[in-house]
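User: I would like a close look at one part of this model, then a walk outward from there. Keep it brisk.

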Amino acid sequence: MMVDAPDILNASILIVDDQESNVSLLEQLLAEAGYTRVASTMNPQEVCALHRKNAYDLILLDLQMPGMDGFQVMAGLKTNESDSYLPVIVLTAQPGHKLRALQAGAKDFISKPFDLVEVKTRIHNMLEVRLLYSKLASYNKLLEQTVQERTAELRESEARYRGLTELASDWHWEQDETGNFTKVLGPVLEMLGIRVEPFVGKRSNDEVTAWNEAEREELHAKISARQPFLDFVFGRINADGSQQRFQVSGEPMFNRSCGYIGYRGIGIELTPKK
């Protein structure tokens, strides 16, 4: 992320000083340096309203002014909620005011009487930082918006995919974090001929079929370890000697805080229909 020289020279600057000679000197200096958007005021009480209206990239603020000093102006500028970065360089002839000004929120200071090289250097450096800060804020806002839009697209896509997989499957299920089923769609009871609970590896006293225990234990281990699985096949032998094979796919579910909230999956019967 870079700031070009034309961007710096096109930055908006406000000069605030009750001495007309200081205002004229700074205006001339900035014009000769190539700055194109320079405004000024000798009334400190106008500064907050002007900044809310124009959102200056830099304010050159004299500290000692009648009626309202620079410290009071900075306090007023801090109430501008749309700008969390206070773009102020204070102008002062009092060395003891420099630290207090920085503590009050100023980003830099220029000593009086003015050293022209120092003035130009500090203004250029301050504007470069200010514009980088603005670019970063804009980039972060754009990134946040892009993430929100992408998240919405993914959720919509996921909803469509889940709808299609449910239509293409014999059953669909969801479990909570304790393993209890919260949603079952499809003829699970009729197709498996058992209660839902044994599907996750729990034993039931009324099972009348012989499951492949190794396969069921492997499936139960995957769910217990919160692992996704795709097209896992397991089977059973019914009381009449017929065999059934089933294929399931599942994945763990997490909330926005990355907390585990359960499983969901789909399944089909592989046994040829008679």
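Leaving aside its neighbours within four places in sequence, which residues is Asp 108 in contact with? Please start there and go on to the parts around that site.

Analyst: This is a predicted model. Asp 108 is in contact with Val 88, Ile 89, Val 90, Leu 102 and Arg 122, once neighbours within four places in sequence are set aside. The residue lies in strand β5, which covers residues 108-111. Its relative accessibility is 17%. The cut-off for buried is under 20%, so Asp 108 counts as buried. Its side chain has a charged partner: a polar contact of 2.8 Å joins it to the side chain of Arg 122.

Follow the contacts of Asp 108 outward. Val 88, Ile 89 and Val 90 are on that contact list, and strand β4 spans 88-92. Leu 102 is on the list too, and helix α5 spans 96-103. Arg 122 is the remaining contact, and helix α6 runs over 116-167.

Next, the nonpolar cores. In general, nonpolar side chains tend to be buried together in soluble globular proteins. The largest nonpolar core here has 22 residues. Ile 13, Leu 58, Leu 60, Ile 123 and Leu 127 touch the most other members. At least two residues of this core come from each of β1 (12-16), α2 (20-33), β3 (58-62), β4 and α6. Helix α6 gives the most, with five residues.

Ile 123 shows how this core is put together. Not counting residues up to four places away in sequence, Ile 123 touches Ile 13, Leu 30, Tyr 35, Leu 58, Leu 60, Ile 89 and Ile 110. Ile 89 is also a contact of Asp 108. Apart from this core lies another, of 21 residues. Leu 61, Leu 77, Val 88 and Val 90 are among its members. Val 88 and Val 90 are also in contact with Asp 108.

Leu 77 leads to helix α4, residues 70-77. The helix is mostly covered, with six of its eight residues buried. They are Gly 70, Phe 71, Val 73, Met 74, Gly 76 and Leu 77. The cover over these residues includes α3 (47-54), β3, β4 and α5. At the start of α4, a side-chain oxygen of Asp 69 comes to within 3.1 Å of the backbone nitrogen of Phe 71.

Now go past the end of β5. Lys 112 and Pro 113 are joined by a cis peptide bond, with omega of about -5°. Pro 113 sits in the loop between β5 and α6. Most peptide bonds are trans, and most residues other than glycine have a negative phi. Two residues depart from the phi trend. Arg 226 is not a glycine, yet its phi is positive, at about 60°. That residue lies in the loop between α8 (213-224) and β9 (229-237). Arg 226 is partly exposed, with a relative accessible area of 44%. Cys 258 has a positive phi as well, near 65°. Cys 258 is found in the loop between β10 and β11. At 65% relative accessibility, Cys 258 counts as exposed.

The strands on either side of that loop lead to a pocket. The second largest pocket has a volume of about 210 Å³. Helix α6 and strand β10 (243-254) are the elements that give two or more residues to its lining. Strand β10 has the largest share, four residues. By type, the lining divides into three nonpolar, one polar and five charged residues. Its members are Arg 155, Glu 158, Glu 251, Pro 252, Met 253, Phe 254, Asn 255, Arg 256 and Arg 264.

Take Arg 264 from that lining. Its place is in strand β11, residues 260-269. At 15% relative accessibility, Arg 264 counts as buried. A polar contact of 2.7 Å joins its side chain to that of Glu 251. Glu 251 also lines the pocket.

Last, the chain as a whole. The chain holds eight helices and 11 strands. Buried residues make up 39% of its 274 residues. Of the contacts with a separation of 6 or more, 54% are between residues 24 or more positions apart.

Note on methods:
Residues numbered from 1 in each chain as written. Predicted model: local features only at pLDDT ≥ 70, side-chain atom pairs only at ≥ 80, totals over all residues. Heavy atoms only, no water. Buried < 20%, exposed > 50% of the residue type's maximum accessible area, 1.4 Å probe, protein only. Polar contact = N/O pair within 3.5 Å; in protein donor to acceptor, adjacent residues only side chain to side chain. Contact = heavy atoms within 4.5 Å. 1 Å grid on protein atoms, 1.4 Å probe; cavity = no way out; pocket = protein on both sides within 12 Å on 5 of 7 lines; lining within 4 Å. Points joined across faces, edges and corners; volume = space filled by probe spheres on them. Core = buried A, V, L, I, M, F, W, Y, C linked by side-chain atoms within 4.5 Å.
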